[in-house]
Amino acid sequence: MLGGYKKMKQFISVNDLPSVEKIIKEAITIKNDPYSYAHLGKNKTLGLIFMNPSLRTRMSTQKAAVNLGMQVMVLNIDKEAWALEFNDGAIMNGTNVEHIKDAAAVMGMYCDIIGLRSFPGLINKDLDYSEYILNKFISYTMVPVISLESATLHPLQSLADLITIEEHKSTLLKPKVVLTWAPHIKALPQAVANSFSEWMLKANVEFIITHPEGMNLNPKYTEGAKIIYQQEEALQDADFIYIKNWSSFNNYGQVYDQGEQWLLNKDKLRQTRNAKIMHCLPVRRNVEVPDELLDGPNSLILEQANNRIYAAQVVLKNILENIS
Ligand code: SN0
């Protein structure tokens, strides 16, 4: 039986979708009637495997699966399971107890769809950008895999972000969306920003990225975006401001420590078109974004978090339709 199993769909980037426009419409339809496919997932199990912490991804994806009638198993593999070995041919006489080859194959037997969170180490760029954890997992698990934020991309977040923009944009203008780098005390992945850029470039928006010089993202994901190094100039006439920190791509994983002047406030937004404020959360309040913006009338942070449910649900629905 196993040998004959044909792998179906996966969702690890925007490129796994036939149409961004269609998936957004479908997500909004589902949001208006979340239990309309309550039997689609009957007798199907979703496994959510976390190698790193999570709040929204874990709860929203579980909620989405339950809305579709699925069973869900969550494994915080970094804390609760055996330490994993990733190297093929390794002589496993050290601290790693189980090979990804065996772990992923077994989890695929217990689940019909698997979601995986696998952050980058932020030490070796080539290794992180090869997505070796996600790819090894995909090659050994035999069932469709959904990224719950991989080393380089976070497609469920970007899908929720685009649903949110679609819901809040004015119907008259093509919205101007600005992704701005923000200060942070720690080295964070580039995944959310890479992914947001990749999605915005496929959406019907004017897209601008602003960041300190040298803090560019991987050009693979930003090609076609307008990049402006002056934050104030970039924010002119913005309709949506997506605020996110990322660590250096060039000087890989390094924290940019002269970034305080990139912290936004109400005053700096005067030249915008009464811009909406977006952040994927978790946010370090008053380090990345001040309270006055997060708690202000233009904040969309909770709408984004809510839309994580429908982003996950539309993806699960499409995969379930492929495998049932
Ligand atoms: C993650 C990131 O990729 O930026 C998850 C975002 C959805 N964020 C963090 O790791 C924040 C950690 C911190 O200490 O603020």
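## Two helices that cross: α4 and α6

Let's begin with a pair of helices. Helix α4 covers residues 100-110 and helix α6 covers residues 132-141; their axes come within 8 Å and cross at roughly 55°. Angles from 65 to 115 degrees would count as roughly perpendicular and those under 35 as roughly parallel, so α4 and α6 are oblique to each other. The crossing in which α4 passes α6 is right-handed. As you explore, keep in mind that this is a predicted model.

Which residues of α4 and α6 meet? From α4 come Ile100, Lys101, Ala104, Ala105, Met107 and Gly108, and from α6 come Lys136, Phe137, Tyr140 and Thr141. Sorted by class, the residues of this contact are six nonpolar, two polar and two charged.

## A second crossing: α7 and α12

Now look at helix α7, made of residues 155-168, and its partner α12. Their axes also come within 8 Å, and they cross at roughly 115°. The crossing of α7 and α12 is right-handed.

On the α7 side, the contact is made by Leu156, Gln157, Leu159, Ala160, Asp161, Ile163, Thr164, Glu167 and His168. On the α12 side, you can pick out Glu303, Gln304, Asn307, Arg308, Tyr310, Ala311, Ala312, Val314 and Val315. By class, the contact of α7 with α12 has nine nonpolar, five polar and four charged residues.

## A cavity beside α12

How many cavities of 30 Å³ or more does a search of the whole structure find? The search finds one. The largest cavity holds about 40 Å³ of space.

Its lining is made up of Lys9, Gln10, Phe11, Asp16, Leu17, Ile23, Val315, Asn318 and Ile319. Helix α12, which spans residues 301-323, gives the most to this lining, with three residues. You have already met one of the lining residues, Val315, in the contact between α7 and α12. The cavity lining divides into five nonpolar, two polar and two charged residues.

## The largest pocket and a cis bond

The largest pocket contains about 540 Å³ of space. Of the 26 residues that line this pocket, the closest to its centre are Phe119, Glu149, Leu188, Leu281 and Pro282. The lining as a whole has 13 nonpolar, five polar and eight charged residues.

Two of those central names, Leu281 and Pro282, deserve a second look. The peptide bond from Leu281 to Pro282 is cis, with omega near 5°. You can find Pro282 in the loop between β11 (276-278) and α11 (291-294).

## Two residues to look up

Leu122 is a good one to find when you think about backbone angles. Leu122 is not a glycine, although it has a positive phi of about 60°. Where does Leu122 sit? Leu122 is found in the loop between β5 (113-117) and α5 (125-129).

Finish with Lys226, which is in strand β9 (residues 226-228). Setting aside neighbours within four places in sequence, Lys226 is in contact with Phe207, Ile208 and Ile209. Another residue to compare with Lys226 is Val178: the two lie 48 residues apart along the chain, and their C-alpha atoms are separated by 9.6 Å.

Terms used. Residues are numbered from 1 along each chain as its sequence is written. This is a predicted model: local features need pLDDT of at least 70, side-chain atom pairs count only at pLDDT 80 or more; totals for chains, interfaces and linings use all residues. Side-chain values use heavy atoms; hydrogens and water are left out. Axes are lines fitted to C-alpha atoms, for helices over the stretch in contact, and angles run from 0 to 180 degrees between N-to-C directions. Helices (H or I, at least four residues) and strands (E, at least two) are DSSP runs, numbered from the N terminus. Angles under 35 degrees count as roughly parallel, over 145 as roughly antiparallel, 65 to 115 as roughly perpendicular and the rest as oblique. A crossing is left-handed if the near helix is turned anticlockwise from the far one by less than a right angle, and right-handed if clockwise. Contact means heavy atoms within 4.5 Å. Ala, Val, Leu, Ile, Met, Phe, Trp, Tyr, Cys and Pro count as nonpolar, Asp, Glu, Lys and Arg as charged, and the others, Gly among them, as polar. On a 1 Å grid over the protein atoms alone, a cavity is a set of points where a 1.4 Å probe fits but cannot get out, and a pocket is an open set with protein on both sides within 12 Å along at least five of seven lines; lining residues have an atom within 4 Å of a point. Grid points are joined across faces, edges and corners, and a volume is the space filled by probe spheres set on the points.
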